[in-house]
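Grab a coffee and open the viewer. Below are a few short exercises, each with a solution worked through in steps.

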Amino acid sequence: MSISDHKQKLYLLLILVVTALVIAIIQMNYRQPEPNLALEELRIRYAKVPKPPVDHSKFPELDRMFTTPQEVTEACISCHNERHNEVMESNHWNWERISYIEGRGIHALGKRNALNNYCISVAGNEVACAKCHTGFGLNSVEDFNFMDPTNVDCLSCHDNSEEYIKGSGSAGFPAEGVDLTAVAKSVGRPIISNCGTCHFYGGGGNNVKHGDLEEALYSADRELDVHMAVTGLNMSCVDCHTAENHQIKGKMYSVSSENVNRLFCEDCHTNTPHLSEMLNIHGARVSCQTCHIPTYAKENPTKLTWKWSDAGMLENGDPYEVDDSTGQHTYLSIKGSFEWGSDLVPEYVWFNGKAQHYLLGDKVDTTAGPVQVNKLLGSHEDPNSKIVPVKVHRGDQIFDTEYLTLIQPKLYGEAVGDSAYWQDFDWSTAAEAGMREVGLPYSGKHTFIETEMYWPINHMVAPATGALQCQDCHTRNDGRLQNLTGFYIPGRDRNHFLDSFGNWLILLTVFGVMIHGSLRIVTHIRSEKDLEMTHYKDFDDEEDQKI
C-alpha cells in the first residue's frame, strides 16, 4: 500500500476526530432555555379571579322596585357617596377633557368637537349617540345637565347580569323591559360586556371602528388574544385598563391628544420581557404591538372605507341596502358605500403618544391631500417615538367649498321633514341644520372631500409563537416596514459605506481562503515530490548494496 493511501486514511480519521470534538464542545456548552420567570409570575397573578368584596343582592337598599334608572343611581350614591363625583370628572361623562394640543395649546377636546370618519360627530345626533353615554336624558349636549348626579348611569359599567341594555334612540335611557331591580342587585367589578357593549360596536356594528375590539373577544382562544383567551388567562378589560377615582388608564386617539395616562405593555411585562437581548433592544423603537399583533380583525371584518358621497340612492323612492356574502352592508342609502376586510396586516407609523385633530370649524387645506381627522405625531428623529401598528380608515365627508370647513350634518331625526339626512336624504338641509346646531356658518355650497382616520392597534395580541419574525421586516422586498422610510433597517436598506465594507470583507475572506488553500496545495505537492525523491534514493541504495 502506498504512502498516499495511508494519508487518506489519516485525513479521514482526523476529520472524524475533529467532528467528534466539535459535537462534544457543542454539547458541553448547550444550556436548556431558561424559563421566563417574569412571565410565569404574571400568569400566576392574573390566573386568580378576584372575588367581589360584597354581595349587593343582600343590601336592603336594593331590595325594592325601581321604576326609573335615576332611582337606582340614588341608591348607589346613598352608599358610594363620592363615586358619582369621580364619574362626573371623567371624559366618559363629559364627552371631552381639557388637553394640551400641539399647535393649539390648552383646549377642550372630545366627542363634542372632534369629528370622526364614521358617523362624523355627535352634535345634533345625541339622542342616538347617547346609547353609549354614561348618562340619562342626553337629548342635546347643550341642554343636558352635566351637574345632576342622578343622571349618572352606574349600571352601564357595573351590571354583572348582562341583562342591562340601553335603548336605541333613547337618549341614554335603558331599553324597555329591563328589570332594574334585578340588575341593581347584580352590580360588581366591570366585566367584558360592560366595556364591550359600547367599545365593540362603535360606528354602528360589531368591529366597525377599531378593528381589534369586537365580540369575538367574548370567547377568544389564545391565537385570537393571548390575554383574554377563555381557555387561558381569561383576563377582562379592567385587568389592564385599571382605574383610579374612575379615571381609566388608556385612551382612544380618536378623541385624545396628550401623552399622559397611557397604557403600555411594559407596565406588566417590563422593558426587558424577552430572554433574547436582541429582542429587548428592539423595544426602544418598536412597540410590543408591532410584533405581537401581526394581523387584526382576525375573526370578524372591520370597515375600511366609508364613502358618504355615495349615500342617497333610492329604489322606488325608498332607501335600500346591499350586503356582501358575509352579511356586511356594502351600501346603505342613509350612509353610503363601504369596504370591509378581515385578518388584515396593519399599516405602521411612528408615534410618540401625541395627536392632532380636526375640530369643528377648522379650515381645510385642500392642497394637502386627504384630511386627517386625527393625526398621530412622531418620527424616527423623535427619541420618544416608536413604530406602532395602525388601522387607517379612509373615506370622504361633506365639505363647505366656500368656508373650507368639514360640515357637521344633522343625520338623526324622528320623522320626515325635520332636516335629518337619514329621513329626508337632502344634504343641503341636513348641512344647514347641523351647522346651525354647532353654531357655525354654512355657505349653501358643498362637495365631498377625502378623509383619513388613524386607529392604533392594541388588542388581539398573539402569543410568542404567532409573533412576527426577523425576516418579516429585515427583507429587501415587501417587508412589513417598507413604507416607513428615512432611516436604515439592516436587511431592508442599502448603505453605501456599510455595503462597501461588507463586500470588501467578503472579498478579503474569499481571497484569504484561496491563498490558504493554494498554500496547502503547493505544500502538499512539494511534500509528495520529496517523498518520491526519497523513494528513488532508497531504491538506488538498495541496488548499490546488491552490486
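Let's begin at helix 1, which covers residues 3–29 and contains Leu10. Keep in mind that this is a predicted model.

**Exercise 1. Work out which residues make the nonpolar surface patch with Leu10, and whether Leu10 is buried or exposed**.

Solution.
- Step 1: the patch is built from Leu10, Leu13, Val17, Leu21 and Ile25, and its area is about 480 Å².
- Step 2: Leu10 has 54% relative accessibility, so it counts as exposed.

**Exercise 2. Classify the ring pair Phe497 and Phe501**.

Solution.
- Step 1: searching the whole structure turns up 17 aromatic pairs.
- Step 2: for Phe497 and Phe501, the ring centres are 6.3 Å apart and the planes meet at 10°, so we call this pair stacked. The cut-off behind that call is an angle under 30 degrees.
- Step 3: both sit in helix 16 (residues 496–546), and because they are 4 residues apart, about one helical turn separates them.
- Step 4: check the surface. Phe497 is exposed at 59% relative accessibility, while Phe501 is partly exposed at 47%.

**Exercise 3. Find what sits over the ring of Phe338, and which aromatic cluster includes Phe338**.

Solution.
- Step 1: the charged end of Lys303 is over the Phe338 ring, 3.6 Å from its centre.
- Step 2: Phe338 belongs to one aromatic cluster with Tyr118, Trp306, Trp308, Tyr421, Phe425, Trp427, Phe448 and Trp455.
- Step 3: for another charge over a ring, look at Arg492, which lies over the face of Phe487 at 5.2 Å from the ring centre.

**Exercise 4. Count the disulfides, then explain why Cys470 has no bond to Cys291**.

Solution.
- Step 1: the count is 0 disulfides.
- Step 2: take Cys157, which is in no disulfide; its nearest cysteine sulfur belongs to Cys195, 7.0 Å away. Cys157 is partly exposed, with 31% relative accessibility.
- Step 3: now Cys470. Its closest cysteine sulfur is in Cys291 at 8.7 Å, which is too far for a bond. The cut-off here is 2.5 Å.
- Step 4: Cys470 itself counts as exposed, at 56% relative accessibility.

**Exercise 5. Trace the salt bridges of Arg83, Arg104 and Arg394 to their partners**.

Solution.
- Step 1: the whole structure has 15 salt bridges.
- Step 2: Arg83 meets Glu86, at 2.8 Å from N to O. They are 3 residues apart in helix 4 (residues 83–87), so about one helical turn lies between them. Glu86 is buried at 15% relative accessibility, whereas Arg83 is partly exposed at 42%.
- Step 3: Arg104 meets Asp362, at 2.2 Å from N to O. This pair links distant parts of the chain, 258 residues apart: Arg104 is in the loop between strand 1 (96–101) and strand 2 (105–110), and Asp362 is in the loop between strand 10 (355–357) and strand 11 (371–376).
- Step 4: Arg394 pairs with Glu452, with the closest N and O atoms 3.4 Å apart. Arg394 is in strand 12 (residues 386–400) and Glu452 in strand 14 (residues 446–456), so the bridge ties together parts 58 residues apart in sequence.
- Step 5: Arg394 is partly exposed at 32% relative accessible area, and Glu452 is buried at 11%. Shared partners join Glu347, Arg394 and Glu452 into one salt-bridge network.

Definitions and conventions. Residues are numbered from 1 along each chain as its sequence is written. This is a predicted model: local features need pLDDT of at least 70, side-chain atom pairs count only at pLDDT 80 or more; totals for chains, interfaces and linings use all residues. Side-chain values use heavy atoms; hydrogens and water are left out. Patches are made of residues with over 30% relative accessible area and no salt bridge: like charges are joined within 9 Å, nonpolar side chains (Val, Leu, Ile, Met, Phe, Trp, Tyr) within 5 Å. Accessible areas come from the Shrake-Rupley method with a 1.4 Å probe; for residues, only the protein chains shown count as cover. A salt bridge is a side-chain nitrogen of Lys or Arg within 4 Å of a carboxyl oxygen of Asp or Glu. Helices (H or I, at least four residues) and strands (E, at least two) are DSSP runs, numbered from the N terminus. Buried means under 20% relative accessible area, exposed over 50%, partly exposed in between (1.4 Å probe, protein chains only). Rings of Phe, Tyr and Trp (its six-membered ring) pair if their centres lie within 6.5 Å; planes under 30 degrees apart count as stacked, over 60 as edge-to-face and the rest as tilted. A charge sits over a ring if NZ of Lys or CZ of Arg is within 6 Å of the ring centre and within 35 degrees of the ring normal.
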